Amino acid sequence: MKNLMATVGLLAALGTASGFVSAAQVDDEIALQMYTLRNVGTPAEQFAMAHKAGFKHVELVGTHNLNAAQLKALLEKNQLTVTSSHVQLKALEQDYQQTVAFNKAVGNSTIVVPWIEPQDRPDSTQGWIDYAQRLDKLGAKLHKDGIQLGYHNHNFEMKKYDGVTALDIIFKHSQPANLKLEMDAAWVSRGGQDPARILKEYPGRVFAIHAKDNASIGIRDDEMNFAPLGEGLLDWKTILPAAKASGVKWFIIEHDKPKDAWSIITTSLKNLRAALESLPR
């Protein structure tokens, strides 16, 4: 038995030294954004599908119209842990204590602001500075309560004001401890910016990447031209190594408008696993 254990230990050490990454290690870097499954039956059916597809971790969307005990029970039943949760900024500010308590109860310690309604979006450099400082202040408050604040981008944060993108303004007017980015690489690219550039320029600021791809016009038009990672236009051979070097912890599969949710999440998971396993460590 001692000789067997020694051999196993040696093989593990050699695997690590050679850069080999096990499937189990890769699966602990991958999650599913449950927004992808929003049209798949009940919450119970949605979380069951995530488990059946092979996911171990999920990103939530608010409360899923459940109380904390109900949601925790669904997560435990499907052997899922929570990486983070999307919560609208106004809801977080107006129902702060309730939101923090709910997320702690379901085992979540990262809350992500996912969206700004068009009528609420800043339209100037100073407007984005004010918004960044609003996030920074909230992030500092959450930090004291054991919660990390994140921000999820779309394409409108790639617009430049006085030569600087709104996303750069957010970074430069918030503290790293108070605000992290959940970078949607597909939306970054749609906004005319380079995901790898952002990862290299702001090491440690991006905690997660939404892992989906862009399709050409005329391909998947009825799915908002989004595709599974590796089956579209983005250069993942550059983005993924830059993400690892930058300190990205989670690669979260998402699709904004899937026609066949099962096909999208299983294909995305297969492709993402293969891509992450091929990375040198």
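A residue counts as exposed when its relative accessible area is over 50%, as buried when it is under 20%, and as partly exposed in between. Keep these cut-offs at hand for the exercises below, and remember that the model is predicted.

**Exercise 1. Two residues with positive phi**

Find where Gln79 sits in the chain, state its phi, and decide whether Gln79 is buried or exposed.

Step 1: Gln79 belongs to the loop that links α4 (68-77) with β3 (81-86).
Step 2: Its phi is positive, about 55 degrees, although Gln79 is not a glycine.
Step 3: The relative accessibility of Gln79 is 58%. The cut-off for exposed is over 50%, so Gln79 counts as exposed.

Now treat Met224 in the same spirit: which loop holds Met224?

Step 1: The loop between β10 (213-214) and β11 (226-227) contains Met224.
Step 2: Here too phi is positive in a residue other than glycine, with a value near 60 degrees for Met224.
Step 3: With a relative accessible area of 34%, Met224 is partly exposed.

**Exercise 2. The surroundings of Leu138**

Place Leu138 in its helix, classify its accessibility, and list its contacts beyond four places in sequence.

Step 1: Leu138 is part of helix α7, which spans residues 125-144.
Step 2: A relative accessibility of 7% makes Leu138 buried, given the cut-off of under 20%.
Step 3: Leaving out residues up to four places away in sequence, Leu138 touches Leu89, Leu92, Glu93, Tyr96 and Leu149.
Step 4: Take Leu149 from that list. Leu138 and Leu149 are 11 residues apart in sequence, and their C-alpha atoms are 7.8 Å apart in space.

**Exercise 3. One face of helix α11**

Which residues of helix α11 (residues 236-246) are buried, and why do they line one face?

Step 1: The buried residues are Trp236, Ile239, Leu240, Ala242, Ala243 and Ser246.
Step 2: Looking down the axis of α11, these buried residues fall within an arc of 165 degrees, so they line one face of the helix.
Step 3: As background, an α-helix has 3.6 residues a turn, so residues three or four places apart point the same way.
Step 4: Turn to the face of α11 directed away from the buried side, and you find the exposed residues Lys237 and Ala245.
Step 5: The cover over the buried residues of α11 includes α9 (185-190), α10 (195-201), β9 (206-211), β10, β12 (250-253) and α12 (261-277).
Step 6: After α11 comes Gly247, with a positive phi near 100 degrees.

**Exercise 4. Strand β9 and the barrel**

How many residues of β9 are buried, and which strands does β9 pair with?

Step 1: Six of the six residues of β9 are buried, so the strand is largely enclosed by the rest of the structure.
Step 2: Strand β8 (residues 180-184) runs parallel to β9 and is joined to it by four bridges. In this pairing, Leu181 stands opposite Val206 of β9.
Step 3: Four bridges also join β9 to β12, again in parallel, and Ile209 has Phe251 in β12 as its bridge partner.
Step 4: Follow the pairing onward to get a closed barrel of eight strands with parallel pairing, in the order β1-β2-β3-β4-β5-β8-β9-β12. From one strand to the next, the twist averages 30 degrees.
Step 5: Check another part of the barrel: β1 (residues 30-33) and β2 (residues 57-61) run parallel and are joined by two bridges. Gln33 has Glu59 in β2 as its bridge partner.

Key
Residues are numbered from 1 along each chain as its sequence is written. This is a predicted model: local features need pLDDT of at least 70, side-chain atom pairs count only at pLDDT 80 or more; totals for chains, interfaces and linings use all residues. Side-chain values use heavy atoms; hydrogens and water are left out. Buried means under 20% relative accessible area, exposed over 50%, partly exposed in between (1.4 Å probe, protein chains only). Contact means heavy atoms within 4.5 Å. The arc is that of the directions from the helix axis to the C-beta atoms. Two strands pair if DSSP finds at least two bridges between them. Axes are lines fitted to C-alpha atoms, for helices over the stretch in contact, and angles run from 0 to 180 degrees between N-to-C directions.
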